[in-house]
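This report goes through helix packing, aromatic rings and a few single residues in one protein chain. Please keep the sequence and the 3D view at hand while reading.

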Amino acid sequence: MEKMKAIVNTEYGSPDVLRYTEVDKPLPKEDEVLVKVHASSVNAADWHLLRASPFLVRFSGLGILKPKNTILGSDVAGTVEAVGQKVRDFKPGDEVFGDAFVSGLGGFAEYVCVPEKFLALKPTTVTFEEAAAMPLAALTALHGLRDKGKILPGQKVLVNGASGGVGSFAVQLAKYFGAEVTAVCSTRHLDLMKSLGADHVIDYSREDFTKNGQRYDLILAANGYRSIFDYKRALSPKGVYVMSGGSGGQMAQAMLIGPFLSRKNGQKLGNFLSTPNKKDLLFLKEVMETGKVKAVIDRRYPLSKVADAIRYLEEGHARGKVVINVVD
Ligand SMILES: NC(=O)c1ccc[n+]([C@@H]2O[C@H](COP(=O)([O-])OP(=O)(O)OC[C@H]3O[C@@H](n4cnc5c(N)ncnc54)[C@H](OP(=O)(O)O)[C@@H]3O)[C@@H](O)[C@H]2O)c1
């Protein structure tokens, strides 16, 4: 069996349990593509799965006592090495990007097998790093704004947590959909928000957007950051609040209290789960190629330093995305 380098976690725990080691190179099943990974990127999902946090993660089929998927990493950008018998869309040598979150992850390795339905041809105008920065975070922003938030041109849209992975894509996508966008971030990211196209920027360390008299048609909170009642105050009468992630308390509020605060013809408050698909990856490819959306890359780490990359992301202050370079 051929070997490859990978970051492996055979137990739940902090980034200290991650090992940089050699494992068997995977073989593609009939609907899978074997990708030689050039770059991946780190998402909150990686440390949630690594730590089994929240604890319920253990009971969602991912392993009660130890993880079933022993290589993390949802985001993948690389070159097709081989394809399964039923794969139609790709051939060896194609440059691809995709999201392996629901197919068992595995991006923190030299090779990964991904079902072809979770891959698309890489945008031709961007680097592997930029392509790897995109899938999970940008799809989450897209699904939050378009599918759950039902964004419309001309709407007043606020993105809280606008300077992180999900938020930096949400600001650009909301502009793409024709909204008037307000980005909420800290002082050090004000310029970045303007460069991404935000019409208004609110520094959360100086101004409370829930108390400035403005009302928004759609609020996307990358992380909860605030109570659901604060968001309700900042919504227009038919406004929608969508939360992509957050603390256990904030998630519980969105799931349990959100439905009670939502009205049939009025405000809607809740969270959502983003699931990858080829159609939306192709949408991302197009908006990247036309320059409408770009990846903001904060830091880059080599494969051997994934643990450091996750530690950095866990601090909660990344400016855009944290990328893993698998090929130098
Ligand atoms: N629902 C789904 O399907 C789905 C899919 C993917 C991800 N998620 C979730 O999405 C969430 C967001 O992920 P992410 O990658 O965007 O996070 P992230 O990159 O770690 O967010 C970091 C950013 O948040 C900002 N921030 C920190 N505290 C803030 C505050 N009080 N108010 C406003 N901004 C603040 C930071 O800016 P400063 O340093 O300036 O404070 C930093 O730029 C995670 O919880 C993840 O689990 C959900």
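## Helices H3 and H8

In this predicted model, helix H3 meets helix H8 through Pro135, Ala138, Leu139, Leu142, His143 and Arg146 on the H3 side. On the H8 side, the residues that take part are Asp280, Leu281, Phe283 and Leu284.

The axes of H3 and H8 lie 11 Å apart, and the packing angle is about 100°. An angle from 65 to 115 degrees counts as roughly perpendicular, and H3 and H8 are therefore described in that way.

## Helices H3 and H4

Helix H3, which covers residues 135-148, also packs against H4. Here the angle is about 50° and the axes are 8 Å apart. The two helices H3 and H4 are therefore oblique to each other. The crossing of H3 past H4 is right-handed.

From H3, the contact involves Ala137, Ala138, Thr140, Ala141, Leu142 and Leu145. Their counterparts in H4 are Gly165, Val166, Phe169, Ala170, Leu173 and Ala174. Ala138 and Leu142 of H3 are thus listed in the contact with H4 and also in the contact with H8.

## Helices H1 and H9

A further helix pair is formed by H1 (residues 44-51) and H9 (residues 306-314). Their axes come within 9 Å and cross at roughly 105°, so H1 and H9 are roughly perpendicular to each other. H1 contributes Ala44, Asp46, Trp47, Leu50 and Arg51 to the contact, while H9 contributes Ile310, Leu313 and Glu314.

## Aromatic rings

How many aromatic pairs does the count come to? With ring centres required to lie within 6.5 Å, the count is five. One of them joins Tyr176 and Phe283, whose ring centres are 5.5 Å apart and whose planes stand at 80°, so this pair is edge-to-face. Tyr176 belongs to helix H4 (residues 165-176) and Phe283 to helix H8 (residues 278-289), so named by their order from the N terminus; the two residues are 107 residues apart, and the pair links distant parts of the chain. Tyr176 is partly exposed, with 33% relative accessibility, whereas Phe283 is buried at 16%.

Phe209 and Tyr231 make up a tilted pair, with 6.0 Å from centre to centre and 45° between the planes. Phe209 is in the loop between strand E10 (200-203) and strand E11 (216-223), and Tyr231 is in helix H6 (residues 228-233). This pair too links distant parts of the chain, its members being 22 residues apart. Both rings belong to buried residues: the relative accessible area is 2% for Phe209 and 0% for Tyr231.

Tyr176 and Phe283 appear again in a cluster, which ring pairs form together with Phe177.

## Charges over rings

Two lysines have their charged ends placed over aromatic rings. The charged end of Lys25 is over the ring of Tyr111, at 4.2 Å from the ring centre. For Lys122 the ring is that of Phe128, and the distance to the centre is 5.0 Å.

## Residues with positive phi

Ala52 is not a glycine, yet its phi is positive, near 50°. Ala52 is in the loop between H1 and strand E4 (75-83). With a relative accessible area of 5%, Ala52 is buried.

Lys150, likewise not a glycine, has a positive phi of about 50°. The loop that holds Lys150 runs between H3 and strand E8 (156-160). Is Lys150 buried or exposed? Its relative accessible area is 56%, and Lys150 is exposed.

## Gln172 and Arg188

Gln172 is part of helix H4 and counts as buried, at 4% relative accessibility. Apart from neighbours within four places in sequence, Gln172 is in contact with Leu196, Lys292, Val293 and Lys294.

Arg188 lies in the loop between strand E9 (180-185) and helix H5 (190-195). Which residues does Arg188 contact, leaving aside its neighbours within four places in sequence? They are His317 and Arg319. Between the C-alpha atoms of Arg188 and Leu62 there is a separation of 38 Å, with the two positions 126 residues apart along the chain numbering.

Terms used:
Residues are numbered from 1 along each chain as its sequence is written. This is a predicted model: local features need pLDDT of at least 70, side-chain atom pairs count only at pLDDT 80 or more; totals for chains, interfaces and linings use all residues. Side-chain values use heavy atoms; hydrogens and water are left out. Rings of Phe, Tyr and Trp (its six-membered ring) pair if their centres lie within 6.5 Å; planes under 30 degrees apart count as stacked, over 60 as edge-to-face and the rest as tilted. Helices (H or I, at least four residues) and strands (E, at least two) are DSSP runs, numbered from the N terminus. Buried means under 20% relative accessible area, exposed over 50%, partly exposed in between (1.4 Å probe, protein chains only). A charge sits over a ring if NZ of Lys or CZ of Arg is within 6 Å of the ring centre and within 35 degrees of the ring normal. Axes are lines fitted to C-alpha atoms, for helices over the stretch in contact, and angles run from 0 to 180 degrees between N-to-C directions. Angles under 35 degrees count as roughly parallel, over 145 as roughly antiparallel, 65 to 115 as roughly perpendicular and the rest as oblique. A crossing is left-handed if the near helix is turned anticlockwise from the far one by less than a right angle, and right-handed if clockwise. Contact means heavy atoms within 4.5 Å.
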